[in-house]
Amino acid sequence: MATAPRTIHVVNGYDKDAYTYYPVLIVGAGESGIAMACRLKEELGFDQFRIFDRQAGMGGTWWINRYPGVACDVPAVFYSYSFCPNNKWTTFHPPGHEIVKYLQGVCDKYQIVDKIQLNTE
């Protein structure tokens, strides 16, 4: 039995049924999707994945919700990944834009921004 390739590649070139093969596809560039991508890279040394999100920015619900006063309703420490803690929250219950900034910073630190494809249904 043949094993599936472990690298991103194009199948069928310019044919009408061409597609790009991704060994790992992550749905959503929110907290869980970002965490999965970071762990794949750091723990397994694997970067042959793609994150797809239907929104125009990364951060999941925190990117989507921008109403006045949007903020975390639990202590901010719970919005830091154990592998990338944030000890610079400005308040115990940070505003949504601060959480988005943190998540974007994590994407930059783990160099996964180029693995995220936005505006994709």
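N119 lies in the segment that follows strand 5 (116–117), and this residue makes a convenient place to enter the structure, which is a predicted model. Although N119 is not a glycine, its phi is positive, at about 55°. Most residues other than glycine have a negative phi. The relative accessible area of N119 is 57%, so the residue counts as exposed, the cut-off for that class being over 50%.

A second asparagine shows a positive phi as well: N12, also not a glycine, has a value of about 70°. N12 belongs to the loop that runs between strand 1 (9–11) and strand 2 (19–21). With a relative accessible area of 36%, N12 is classed as partly exposed, since that class covers the range between the 20% limit for buried residues and the 50% limit for exposed ones.

From these two positions one can step back to the chain as a whole, which contains 3 helices and 5 strands. Followed along the sequence, these elements come in the order β-β-β-α-β-α-α-β. Taken along the principal axes, the box filled by the C-alpha atoms of the chain is roughly 55 × 30 × 20 Å. Of the 121 residues in the chain, 40% are buried.

One of the strands offers an example of a buried residue. I51 sits in strand 4 (residues 49–52), and its relative accessibility is 0%, so I51 falls under the 20% cut-off and counts as buried. A separation in sequence can be set beside a separation in space here: I51 and Y67 are 16 residues apart along the sequence, and the distance between their C-alpha atoms is 26 Å. Another pair can be read in the same manner, for Q111 and M36 are 75 residues apart along the chain, while their C-alpha atoms are separated by 13 Å. Q111 itself is placed in the loop between helix 3 and strand 5, and at 57% relative accessibility Q111 counts as exposed.

Helix 1 (residues 31–44) is where the salt bridges can be followed in detail. How many salt bridges does the count come to? The count is 2, and R39, E42 and E43 are linked by salt bridges into a network. In one of these contacts the side chains of E42 and R39 meet, with a distance of 2.4 Å from N to O. Because E42 and R39 are 3 residues apart in helix 1, about one helical turn separates them. R39 also forms a salt bridge with E43, and here the closest N and O atoms are 2.7 Å apart. R39 and E43, both in helix 1, are 4 residues apart, which is about one turn of the helix.

The accessibility of the three linked residues can be read against the class limits already mentioned. R39 has a relative accessible area of 25% and is therefore partly exposed. E42, at 42% relative accessibility, is likewise partly exposed, whereas E43, at 52%, counts as exposed.

The surface also carries a nonpolar patch of about 300 Å², made by V74, V77 and F78. V77, one of its members, is located in the loop between helix 2 (61–64) and helix 3 (96–109). The relative accessibility of V77 is 57%, so V77 counts as exposed.

Finally, the largest pocket can be considered, for which the volume is about 240 Å³. Which residues are the closest to the centre of this largest pocket? Among the 13 residues that line the largest pocket, the closest to its centre are N86, K88, E98, K101 and Y102. Sorted by residue type, the lining of the largest pocket divides into 5 nonpolar, 4 polar and 4 charged residues.

Definitions and conventions
Residues are numbered from 1 along each chain as its sequence is written. This is a predicted model: local features need pLDDT of at least 70, side-chain atom pairs count only at pLDDT 80 or more; totals for chains, interfaces and linings use all residues. Side-chain values use heavy atoms; hydrogens and water are left out. A salt bridge is a side-chain nitrogen of Lys or Arg within 4 Å of a carboxyl oxygen of Asp or Glu. Buried means under 20% relative accessible area, exposed over 50%, partly exposed in between (1.4 Å probe, protein chains only). On a 1 Å grid over the protein atoms alone, a cavity is a set of points where a 1.4 Å probe fits but cannot get out, and a pocket is an open set with protein on both sides within 12 Å along at least five of seven lines; lining residues have an atom within 4 Å of a point. Grid points are joined across faces, edges and corners, and a volume is the space filled by probe spheres set on the points. Ala, Val, Leu, Ile, Met, Phe, Trp, Tyr, Cys and Pro count as nonpolar, Asp, Glu, Lys and Arg as charged, and the others, Gly among them, as polar. Patches are made of residues with over 30% relative accessible area and no salt bridge: like charges are joined within 9 Å, nonpolar side chains (Val, Leu, Ile, Met, Phe, Trp, Tyr) within 5 Å. Accessible areas come from the Shrake-Rupley method with a 1.4 Å probe; for residues, only the protein chains shown count as cover.
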